[in-house]
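Please examine the model shown below. The paragraphs after it treat its pockets, its surface, its salt bridges and its backbone in turn.

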Amino acid sequence: TDCLSGAVDIGMFSRELTDAEKAKGVWWIALCKDAVIPTMNAKNSYAKALQVRGVKRDEFRGIFVDHTIDTWDDLVMVSGKTAKKINVYTRADAAGAADAWASFFKARQENLKGVGVSGDPGVAEAVKKDINGIGYNNTLFVYDVKTGKKLPGIEVVPIDVNGNGTIDPDENFYDNLRIFLKAVNDGKYPSPPARNLYFLSKGKPQKKEVIDFFKWVLNEGQQFVNVAGYVPLPKGILAEQVKKIK
């Protein structure tokens, strides 16, 4: 909205543009890739069982959209445990992360149900404080970019990508940030909820400073993508972005 109104030269965008947005004259380049990860409280008594079993795509939809799955026991029975209600947290603010997560199970952000909280930090903090909480976060709110370890209090809810009821060795890539980013790069982690990150402008940029910045991002700037906790785009796709600027 700020780009289209002329209030800013460059906007940052973390979901796919709609046809309606493109029709309004939005111009864009992709610069790297990120991922949205389902999260739960690290002390959840069902966590160990879920690391083995994982959660299927349709089950995530049952939790976040349809509410056909209301308790952790609906996913996995844990001996001696009383069924615990799943407390769902979602984004209250319009967010590319929410849209990317919903797109994973063929929904939109407005379809997501749960307690709405503001921003990535809000969702992460809500899950850390609620032993029965579930949410979703961008990569850097799950992993420490310096150590590569999961942030204290948060655990990943593994995705059973092939839906066979178990986390196979090639689906087990959540131990640290380096392994996870490689899985995103290799296409083992599904897309969505992995997705490209974009810069936007109103029409093709004309200012020399903006063009020079975009050229830098797609060339020299790429050396900082991995260390910042993101996934570089393939060289062919980067080359396509460079052509858009020329």
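Helices (H or I, at least four residues) and strands (E, at least two) are taken as DSSP runs and numbered from the N terminus. The model is a predicted one, in which local features need pLDDT of at least 70 and side-chain atom pairs count only at pLDDT 80 or more, while totals for chains, interfaces and linings use all residues. Residues are numbered from 1 along each chain as its sequence is written, and side-chain values use heavy atoms, with hydrogens and water left out.

The pockets come first. On a 1 Å grid over the protein atoms alone, a pocket is an open set of points with protein on both sides within 12 Å along at least five of seven lines, in contrast to a cavity, where a 1.4 Å probe fits but cannot get out; lining residues have an atom within 4 Å of a point. Grid points are joined across faces, edges and corners, and a volume is the space filled by probe spheres set on the points. The largest pocket holds about 810 Å³ of space. Its lining comprises 31 residues, and Met12, Phe13, Ser14, Arg195 and Leu197 lie nearest its centre. At least two residues of this lining come from each of β1 (11-13), β2 (26-41), α5 (96-104), β7 (194-202) and α8 (208-218); β7 gives the most, with four residues. By residue class, the lining of the largest pocket has 18 nonpolar, six polar and seven charged members, where Ala, Val, Leu, Ile, Met, Phe, Trp, Tyr, Cys and Pro count as nonpolar, Asp, Glu, Lys and Arg as charged, and the others, Gly among them, as polar.

The second largest pocket has a volume of about 290 Å³. Of the 15 residues that line it, Thr1, Asp2, Cys3, Phe13 and Leu200 lie nearest its centre. The elements giving two or more residues to this lining are α1 (2-5) and β1. Its lining divides into nine nonpolar, two polar and four charged residues.

Strand β7 also contains asparagine 196. This residue is buried, at a relative accessible area of 18% (buried means under 20%, exposed over 50%, and partly exposed in between, with a 1.4 Å probe and protein chains only). The C-alpha atoms of asparagine 196 and serine 14 are separated by 6.7 Å, although these positions lie 182 residues apart along the chain.

On the surface, Phe213, Trp216, Phe224 and Val227 make a nonpolar patch of about 390 Å². Such patches are made of residues with over 30% relative accessible area and no salt bridge; nonpolar side chains (Val, Leu, Ile, Met, Phe, Trp, Tyr) are joined within 5 Å, and like charges within 9 Å. The areas come from the Shrake-Rupley method with a 1.4 Å probe, and for residues only the protein chains shown count as cover. Tryptophan 216 is located in helix α8 and counts as partly exposed, at 39% relative accessibility.

The whole structure has 11 salt bridges, each being a side-chain nitrogen of Lys or Arg within 4 Å of a carboxyl oxygen of Asp or Glu. One of them pairs aspartate 9 with lysine 207, at 3.2 Å from N to O. Aspartate 9 lies in the loop between α1 and β1 and lysine 207 in the loop between β7 and α8, so this contact ties together parts that are 198 residues apart in sequence. Aspartate 9 is partly exposed at 41%, and lysine 207 is partly exposed at 45%.

Glutamate 59 and arginine 53 form another salt bridge, their closest N and O atoms being 2.5 Å apart. Glutamate 59 is buried at 13%, and arginine 53 is buried at 17%. In the salt bridge between aspartate 120 and arginine 91, the closest N and O atoms are 4.0 Å apart. Aspartate 120 belongs to helix α6 (residues 119-129) and arginine 91 to strand β3 (residues 87-91), so the pair links parts 29 residues apart in sequence. Both residues are buried, and salt bridges with shared partners join Arg91, Asp93 and Asp120 into one network.

Which backbone features remain? Most residues other than glycine have a negative phi, and most peptide bonds are trans. A cis peptide bond nevertheless joins serine 191 and proline 192, with omega about -5°, and another joins proline 192 and proline 193, with omega about 15°. Histidine 67, in the loop between α4 (57-66) and β3, has a positive phi of about 55°.
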